[in-house]
Amino acid sequence: MRLVFFVAMLFVSLFVPVIGAELDAASIALNCLTCHNDTGKTSAIPPLNKLSALQMQQTLLDFKYDKKPATLMRRLAKGYSDAELAALAEYLSRR
Amino acid sequence: MPGLSRRHFLQTVAGLGAATLSGCQGLPRLASSKAHVVVVGGGFGGATAAKTMRLLDPTIQVTLIEPKARYITCPGSNWLFAGLTDLDKLTVDYQALQARYGVKLLADSVADLDAVKRQVRLTGGQTIGYDRLIMSPGIDFKWDAIAGYDKAAAQQFPHAWQAGPQTLLLAKQLQSMRDGGVLIMTVPADPYRCPPGPYERASMMAYWLKQHNPRAKIIILDAKRSFSKQALFEAGWTKHYGYGSSNSLIEWHSLADNPLLELDKKNQQLISEFGDRFQGDVLNIIPPQTAASIALQSGLADAGGWCPVQPLSGQSLFDEYIHIIGDAAHYAPIPKSAFAANSEAKACALAVINLLNQKPLAEPHWLNTCYSLITPQHGVSVAGVYRLDAAQTIVAVKGAGGVSIASGAETELLEADYTRVVYQQLVANSFA
Ligand SMILES: Cc1cc2nc3c(=O)[nH]c(=O)nc-3n(C[C@H](O)[C@H](O)[C@H](O)COP(=O)(O)OP(=O)(O)OC[C@H]3O[C@@H](n4cnc5c(N)ncnc54)[C@H](O)[C@@H]3O)c2cc1C
């Protein structure tokens, strides 16, 4: 097959980091929903449609700053800025 | 996708800032309503990509090409050695992808690609055109790596690194091993599918042996100097399987400086570079791996045998219309796991949708978690949050991720439960 070699520069110009926090939250949330499936089926993992945006934001910050015990979420919440966690909470609670 | 409102997501995508560049400069313009995306391989990566594409932009036609009518998950397959599951419980089909999301399924395999015409040719003879191709074909084995270990030999000495008959064969050999017998497991150097997989397997086998053949031994011969979640596994083995004592059920040896070169089938021995011979009643040989043969033969892999991609979009470095995800692709430092394949598929699907709709590419976000059982009541995990740095390379976010935080019976039990639940959620999120 013909190998179409990439002009790496093309991509640098394509990636525009100034994207709304909204879209970021949506794309991060796709990964959260792998585990947090709140279709109503019972699962040991808590659903995310029970908390208000504010409650969820606080919970995520508490995970991030080790104020809330958790097996996993402390490790995940540290991957995002406070602003991202706020946008994520807002996005997830509004679904 | 359960819980994610498509309407809302599309509103979000449509509400993008106007100051952004077109995502399709110089590329042929394609109305997304006529776009056709072909997905090759119905594993975790391919199924998630097909589902996510349809969920987020139903104007795009998606055809999934997968030869098997039913898919048996490798995740969970180690539990079979402890008698905790069976192949039925690990089997999924493609009904939901078709019925719920309108993915078109073709039960065939891709024989070759024509990158110029943008077509795939199926083994059955059919030719299918694509606007963009997403490949998630998984792995193949380097059969030449240990001389004498080939496809035929795997019928006697199973790898069980693709779940199915190989898993059953190995379980049968484990269970019928003589009293006090020795099982040898060989583990390849990085990168390979599921870094903690061999050690979870050893744990599950030890769990079974402890009850049925307590004088037996599992000897792990590892091409690496250290391994994933090593401290957690070794602590668990010490606690449950006498690790470190003379009658330990598990022994781990690094052969990083003395690699295994040859299999002597007749004597059931593995021979190393220095001429050491390791004899086992059962040999579980996990060979080194490469991207699946369709990727190799299509010129999409590099000299290392894996497919290099532009992480931003998953596009192959060799063909801009082909995106590669999952085990076949090189996304290091993200490990080759089903969870990662699911995450890569989502980022890739978003990029493909944006490219087809001439929208700018968004910043990708990847997540990985790998849970393993040491006993049915003792689970451990490793996690990572990944994103692009300024140089467009994938990095694990510093301070995030890592292995299980606390130890203690309570955490171990919780994580054992989460191991099972996360498996179920991951399968449902990918296939249902
Ligand atoms: C023992 C074991 C335990 C594991 N445990 C876990 C775990 O607990 N958690 C975890 O996250 N991961 C785990 N993994 C890893 C996981 O199985 C893989 O990372 C995952 O399957 C990768 O998905 P994929 O889509 O890249 O490839 P695959 O799942 O292998 O799917 C590839 C598909 O492509 C199809 N295909 C190949 N060639 C063609 C062709 N030419 N045309 C059409 N179709 C084709 C194949 O039939 C196959 O269905 C484990 C792996 C093993 C071996």
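Which residue lies over the face of B:Trp306, and at what distance from the ring centre? I looked this up in the predicted model and found B:Lys336 there, at 4.1 Å from the ring centre. I then noted another charge over a ring, where the charged end of B:Arg118 sits 3.6 Å from the centre of the ring of B:Tyr321.

Next I turned to the aromatic pairs, of which the structure holds 15 over all chains. I picked out B:Phe44 and B:Tyr71, whose ring centres are 5.8 Å apart and whose planes stand at 80 degrees, so I entered the pair as edge-to-face. Because B:Phe44 belongs to helix H2 (residues 44–56) of chain B and B:Tyr71 to strand E3 (residues 70–72) of chain B, the pair ties together parts that are 27 residues apart in sequence. I also recorded that B:Phe44 and B:Tyr71 are both buried. Elsewhere in chain B, I listed one aromatic cluster, formed by B:Tyr199, B:Phe227, B:Phe233, B:Trp237, B:Tyr243 and B:Trp252.

For the cysteines, I searched the whole structure for disulfides and found zero over all chains. A:Cys35 is in no disulfide, and the nearest cysteine sulfur, that of A:Cys32, is 8.9 Å away; A:Cys35 is buried, with a relative accessible area of 9%. B:Cys370 is likewise in no disulfide, with the sulfur of B:Cys194, the nearest from a cysteine, 5.4 Å away, and I noted B:Cys370 as buried at a relative accessible area of 8%.

Last, I checked confidence in chain A, which averages a pLDDT of 80, with 71% of the residues scoring at least 70. Over residues 1–19 of chain A the pLDDT stays under 50, and for this stretch the model has 48 contacts beyond four places in sequence.

Terms used: Residues numbered from 1 in each chain as written. Chains lettered and ligands numbered in written order. Predicted model: local features only at pLDDT ≥ 70, side-chain atom pairs only at ≥ 80, totals over all residues. Heavy atoms only, no water. Disulfide = S-S within 2.5 Å. Buried < 20%, exposed > 50% of the residue type's maximum accessible area, 1.4 Å probe, protein only. pLDDT = per-residue confidence, 0-100. Contact = heavy atoms within 4.5 Å. Phe/Tyr/Trp six-rings, centres within 6.5 Å; stacked < 30°, edge-to-face > 60°. Helix = DSSP H or I, 4+ residues; strand = E, 2+ residues; numbered from the N terminus. Lys NZ or Arg CZ within 6 Å of the ring centre and 35° of its normal.
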